[in-house]
Amino acid sequence: MLDLKLEEFFSLEGCPVADLFAGVQYPWEVLPRIAELLEKLVEEKRSAYRQIAPGVWVGEGTTVADTARFHGPAVFGRNCEIRPNAFVRGNVIAGDGVVLGNASEVKQAILFSQVQLPHFNYVGDSILGRGAHLGAGAIISNFKSTKEPVKVKVGDTVVETGLRKFGAIVGDGVEVGCNAVLNPGTLVGAGSLIYPVTSVRGFIPSGMIYKGGKELVPYRAK
């Protein structure tokens, strides 16, 4: 069993479904419940949203490009930007001020407020904390080439998630560089930075810079 605290990743500020994490052992355990929670969220706060496509709801001030495409269900909060050629592929819960940009795709995910996926990004079966940002072309992969269930490895401890598809847990304020790939089951602690064009797997603690391979150094953001 991992001693992995939620605070390593999230403060839950800006989480549109913060109650969801109460009592869970590991954050990825909430992923299969997204569809159920999404329906409940819309029922409880229907007046706060307008419907823009079958099963797709957005909050006040959210702008949607004509060329964006949607497969519901999905909910976006206030003042989000859904830009040209964005693709929402079902079971997405997003907070306020989220950016889903040009040719970016998201499915089966929880995006806290201020998450930015602005250019050519893919995010599948993942949770991104408040203010997390993916550089152009950064990918969160959610499916192993061997088609086996995804495992999480922290140090010498391996946890079976039981999930056939699971991308990453990305903490508050994480910066992921351009063209980086977060492999299935990756965990990135709050405030960390991932170098561009790196392949990441396993656990990156909070407040670190990942330079590739096994190279980790403390991060002091200016």
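**Exercise 1.** Determine from its relative accessible area whether aspartate 125 is buried or exposed, and then find which side chain it meets in a salt bridge.

*Solution.* Aspartate 125 has a relative accessible area of 7%, so it is buried, where buried stands for under 20%, exposed for over 50% and partly exposed for anything in between, with a 1.4 Å probe and protein chains only. This value, like every other one here, is computed from a predicted model, in which local features need pLDDT of at least 70 and side-chain atom pairs count only at pLDDT 80 or more, while totals for chains, interfaces and linings use all residues. Residues are numbered from 1 along each chain as its sequence is written, and side-chain values use heavy atoms, with hydrogens and water left out.

The next step is to look for the partner, which is lysine 107: the two side chains meet in a salt bridge, with N and O 2.8 Å apart. The term salt bridge requires a side-chain nitrogen of Lys or Arg within 4 Å of a carboxyl oxygen of Asp or Glu. Aspartate 125 belongs to strand S12 (residues 122–128) and lysine 107 to strand S10 (residues 105–111), so that the pair, 18 residues apart, links distant parts of the chain; strands are DSSP runs of E with at least two residues, numbered from the N terminus. Lysine 107, at a relative accessible area of 10%, is buried as well.

**Exercise 2.** State how many salt bridges the structure holds, and describe the exposure of the two residues that form the one between glutamate 148 and lysine 144.

*Solution.* The count for the structure is seven. As general background, side chains of opposite charge can pair when their charged atoms come close. One of the salt bridges joins glutamate 148 to lysine 144, and here the closest N and O atoms are 3.7 Å apart. Turning to exposure, glutamate 148 has 42% relative accessibility and therefore counts as partly exposed, and lysine 144, at 24%, also counts as partly exposed.

A further salt bridge can be worked through in the same steps, since the side chains of lysine 151 and glutamate 160 meet with N to O at 3.8 Å. In that pair, lysine 151 is partly exposed, its relative accessible area being 41%, whereas glutamate 160 reaches 53% and is exposed.

**Exercise 3.** Say how many disulfides a search of the whole structure finds, and explain why cysteine 15 forms no bond with its closest cysteine sulfur.

*Solution.* The search finds zero disulfides, a disulfide being a pair of cysteine sulfur atoms within 2.5 Å. For cysteine 15, the closest cysteine sulfur belongs to cysteine 80 and is 14 Å away, which means that it is too far for a bond. Starting from cysteine 80 leads back to the sulfur of cysteine 15, again at 14 Å and again too far for a bond. As to their surroundings, cysteine 15 counts as buried at 11% relative accessibility, and cysteine 80 counts as buried at 1%.

**Exercise 4.** Find in which sense strands S24 and S25 pair, and which residue of their hairpin takes a positive phi.

*Solution.* Strand S24 covers residues 208–212 and strand S25 covers residues 215–218, and the two pair in the antiparallel sense over four bridges, where pairing asks for at least two bridges found by DSSP. Within this arrangement, tyrosine 210 stands opposite leucine 216 of S25. The hairpin has two residues between the strands, and glycine 213 is the one to name, with a positive phi near 60°.

**Exercise 5.** Locate alanine 109 and valine 150, and work out for each whether it is buried or exposed.

*Solution.* Alanine 109 lies in strand S10, the strand that also holds lysine 107, and with a relative accessible area of 0% alanine 109 is buried. Its C-alpha atom is separated by 16 Å from that of valine 188, a residue 79 positions away along the chain.

Valine 150 is found in the loop between strand S14 (139–140) and S15, and at a relative accessible area of 0% valine 150 is buried. As a last step, compare sequence with space: valine 150 and threonine 161 are eleven residues apart in sequence, and the distance between their C-alpha atoms is 6.1 Å.
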